[in-house]
Amino acid sequence: MASLQPLFRQGDANVVLNSGILSQPLTKSKIKKGHALPPQLFSHNSQAGEWFKGAVGMNNPYGWAGRMMDVLETTGEIEPSFSLGRESAWLRGQQVQQNVVKIGKVTKLRMLDKNKNTRSSFVRMNDKKSLSPFHEYFSDVRGQALVKSDLLANHLSVISDSASLTSIGSLGAQLNTVLKLIKLSSNFEHKRQVYFVRLKGFDTHDNQLERHPVLLKELSDTVSTFYAELELLGAQSQVTTFTMSDFGRRIAANGQGSDHGWGSHQLLFGGALNAKKAIGVFPDIRLKGEDDMGVGRIIPSLSNEQVGATLAKWMGVSEKGMSYVFPNLRNFAVHDLHFF
């Protein structure tokens, strides 16, 4: 991860130590006394869902970024939430819907312009009134999709790609589109935007020594290149990039790889960061040590909701709004991890 070293040296990168899925503080002694564990620990889908939801153990249909945007003032012709490639549970909101943007292409419903009558026929069909609320809802969704796809296509098509980002890999292609959307924020009249990108492949049960360094190099090279592009825009202090992962890996080896763990470290990048020292406390990684709940699974000392709440506060969420965005936050003494 050599390409990230300059960001750490200049104080534009930091790490949150040993965070994970928690609805309340837990220690090894509390677990032994029978304190309840978060639901479905060590399950990929469940733990990723809990990170996205930001309301551990609660039946909440929205993601914490979606709820965050619900309580913040949003403006413009199109919602300021963007997911690259496919819909993200993290961006699901009650009021503010997410835009799913295809990676590497400008999404446009081109077949509607195949001839002069196609689009007008589609619009007339879509505008037909119905007594069915389901039909009305689907008509509204179709109409919004048409407006948004045209709007995004017209704006994105005139902005050049970043050759340095698109040459790296799948994450570079996603952040290339994010960079374009950042450049368009004033066109859309957005005061704030959120973006979701993903890098897969970290479930390293096998060949970890070969696979893991390749993934970390792609992450490192892409983020450092993205940051350099933000510096050219003068926007490095207005954008914060951070990682989320379903869980860390067990300390105990699994032959050629590693098994599912619990606590993990999250990376932060941005000119607004307070990067004098790492956030939190490094865990005791001895097998059967104070932070090992068993077979090398490290108990997190910081909640994913504390991490998210610090980011949400920087975005402008008030103390009152925070209880809606992170309902478990009241169970923790510290609400702000002060990494800004």
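## Exercises on a predicted chain

Helix α3 is followed by G54, whose phi is positive, near 65°. That is our way into this structure, which is a predicted model.

**Exercise 1. Find which residues of helix α3 are buried and what covers them.**

Solution.
- Start with the helix itself, residues 44-53: the buried ones are Q47, E50, W51, F52 and K53.
- Now look at what sits against them. The cover includes strands β1, β4 (194-196) and β8, plus helices α4 (64-71) and α10 (304-315).
- Walk off the end of α3 and you land on G54, with that positive phi near 65°.

**Exercise 2. Work out the strand order of the open sheet that contains β1, and say which strands stand at its edges.**

Solution.
- Begin with β1, residues 13-20. Eight of its eight residues are buried, so to speak a mostly covered strand.
- On one hand, β1 pairs with β8 (residues 264-269) in the antiparallel sense, over five bridges. For a landmark, take V16, which stands opposite Q266 in β8.
- On the other hand, β1 pairs with β9 (residues 302-303) in the parallel sense, over two bridges. Here G20 stands opposite S303 in β9.
- Next, β8 also takes β5 as a partner: the two run antiparallel and are joined by two bridges. T241 opposite F269 in β8 marks the spot.
- Put the pairs together and you get four strands in the order β5-β8-β1-β9, an open sheet with mixed pairing.
- The edges are β5 and β9: each has a single partner strand, so one side of each is left without a neighbour in the sheet.

**Exercise 3. Decide whether T240 and H212 are buried, partly exposed or exposed.**

Solution.
- Place T240 first: it's in the loop between α9 and β5 (241-242).
- The relative accessible area of T240 is 15%. Buried means under 20%, so T240 is buried.
- Which residues does T240 touch, leaving aside neighbours within four places in sequence? They are F269, L311, W314 and F340.
- F269 is a familiar face here: it's the β8 residue that T241 stands opposite.
- Now H212, which is found in helix α9 (residues 208-233). Its relative accessible area is 27%. Partly exposed covers the range between 20% and 50%, so H212 is partly exposed.
- One more distance for H212: G201 is eleven residues away in sequence, and the C-alpha atoms are 8.4 Å apart in space.

**Exercise 4. Describe how strand β2 is covered and which strands it pairs with.**

Solution.
- A bit of background: in a regular strand, side chains alternate between the two faces of the sheet.
- Apply that to β2, residues 81-84. S81 and S83 are on one side, F82 and L84 on the other, and all are buried, so to say both faces are covered.
- Then the partners. β2 and β4 run parallel, joined by three bridges, with F82 opposite Y195 in β4.
- β2 also runs parallel to β3 (residues 99-101), again through three bridges. This time S83 stands opposite V100 in β3.

**Exercise 5. Locate the hairpin formed by β6 and β7, and pick out the turn residue with a positive phi.**

Solution.
- The strands are β6 (residues 249-254) and β7 (residues 257-260), paired antiparallel over three bridges.
- Close to the turn, N254 stands opposite G257 in β7.
- Two residues lie between the strands, and G255 in the turn has a positive phi of about 70°.

**Exercise 6. Judge how compact the chain is against the globule rule, then sum up its contacts, surface and charges.**

Solution.
- Count the secondary structure: eleven helices and nine strands.
- The radius of gyration is 22 Å, close to the 20 Å that the globule rule gives for 340 residues, so the chain is as compact as a globular protein of that length.
- Along its principal axes, the C-alpha trace spans about 70 × 45 × 40 Å.
- Of the 340 residues, 46% count as buried.
- Take the contacts with a separation of 6 or more: 70% of them involve residues 24 or more positions apart.
- The accessible surface is about 17500 Å², and 54% of that belongs to carbon and sulfur atoms.
- Finally, the charges: 39 positive and 30 negative side chains, with the centres of the two sets 3 Å apart.

Technical notes
Residues are numbered from 1 along each chain as its sequence is written. This is a predicted model: local features need pLDDT of at least 70, side-chain atom pairs count only at pLDDT 80 or more; totals for chains, interfaces and linings use all residues. Side-chain values use heavy atoms; hydrogens and water are left out. The radius of gyration is taken over C-alpha atoms; the globule rule is 2.2 Å times the number of residues to the power 0.38. Buried means under 20% relative accessible area, exposed over 50%, partly exposed in between (1.4 Å probe, protein chains only). Contact means heavy atoms within 4.5 Å. Accessible areas come from the Shrake-Rupley method with a 1.4 Å probe; for residues, only the protein chains shown count as cover. Lys and Arg count as positive and Asp and Glu as negative; His and the chain ends are not counted. The place of a charge is taken as NZ of Lys, CZ of Arg, CG of Asp or CD of Glu. Two strands pair if DSSP finds at least two bridges between them.
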